Amino acid sequence: IYTVTTNQQLYPKPSDSDNRLWELFASIATNQTIKDRLETFEVFSDSTNDSAASVWESSTPGKWHMNVNAAFADDRKDLIHTMVHEYGHIVTLDTTQVDKTTGACPVLTVPEGCVKAGSVLDGFHNSFWAGYGSTDEADYSADRFVSEYAASNTVEDLAETFAYFVLRPKPEGT
């Protein structure tokens, strides 16, 4: 487990293989996001774990932890997709988008707190999930979701859609 320093470096000094994973994520995320929002970066290797990477909130307000499974290092395409997906969580679930409150939420409640009105997740939910009557699990169909995982809930759908948009050819025209 490495601490992310204010100059977007890892402490203590990572091994070469861990540093390659860090540099890959650093090439995906913005320097400002890393500086402002990422507290730790963990590398583990477990070929029996089907997760290439994940993020979760720190107890430090506004900060996140990230882990990356080095067992996926050879599957660069999947690892990059997952890192972009996780970066999408960091920027759409941070304190500018979600209030860390408990109790009644007038907009939408997610594990991270109460989604702010007008936030990216609020708009995405209203556009694509409001008709399901729930924020959790919809029937998957390829014409409505970018992946089966996206159908699991609003938060995962937004992160999957973000990853697909970033990694696919951009639409032409308007």
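Modeller: Before we start, contact here means heavy atoms within 4.5 Å. This is a predicted model, where local features need pLDDT of at least 70, side-chain atom pairs count only at pLDDT 80 or more, and totals for chains, interfaces and linings use all residues. Residues are numbered from 1 along each chain as its sequence is written, and side-chain values use heavy atoms, with hydrogens and water left out.

Biologist: Okay, what share of the contacts between residues at least 6 apart in sequence join residues at least 24 apart?

Modeller: Take the protein chain's contacts between residues at least 6 apart in sequence. The share of these that joins residues at least 24 apart is 47%.

Biologist: Which strands sit at the edges of the open sheet?

Modeller: Strands are DSSP runs (E, at least two residues), numbered from the N terminus, and two of them pair if DSSP finds at least two bridges between them. The open sheet has five strands in mixed pairing, ordered β2-β1-β3-β5-β4. The edge strands each pair on one side only, and they are β2 (10–11) and β4 (53–57).

Biologist: And how many bridges join β3 and β5?

Modeller: Strand β3 covers residues 38–44 and strand β5 residues 64–69. Val43 stands opposite Val68 in β5. The two strands pair in the parallel sense, and the number of bridges is six.

Biologist: Why does the radius of gyration agree with a compact globule?

Modeller: The radius is taken over C-alpha atoms, and the globule rule is 2.2 Å times the number of residues to the power 0.38. For 174 residues that puts a compact globule near 16 Å, which agrees with the protein chain's 17 Å.

Notes
Helices (H or I, at least four residues) and strands (E, at least two) are DSSP runs, numbered from the N terminus.
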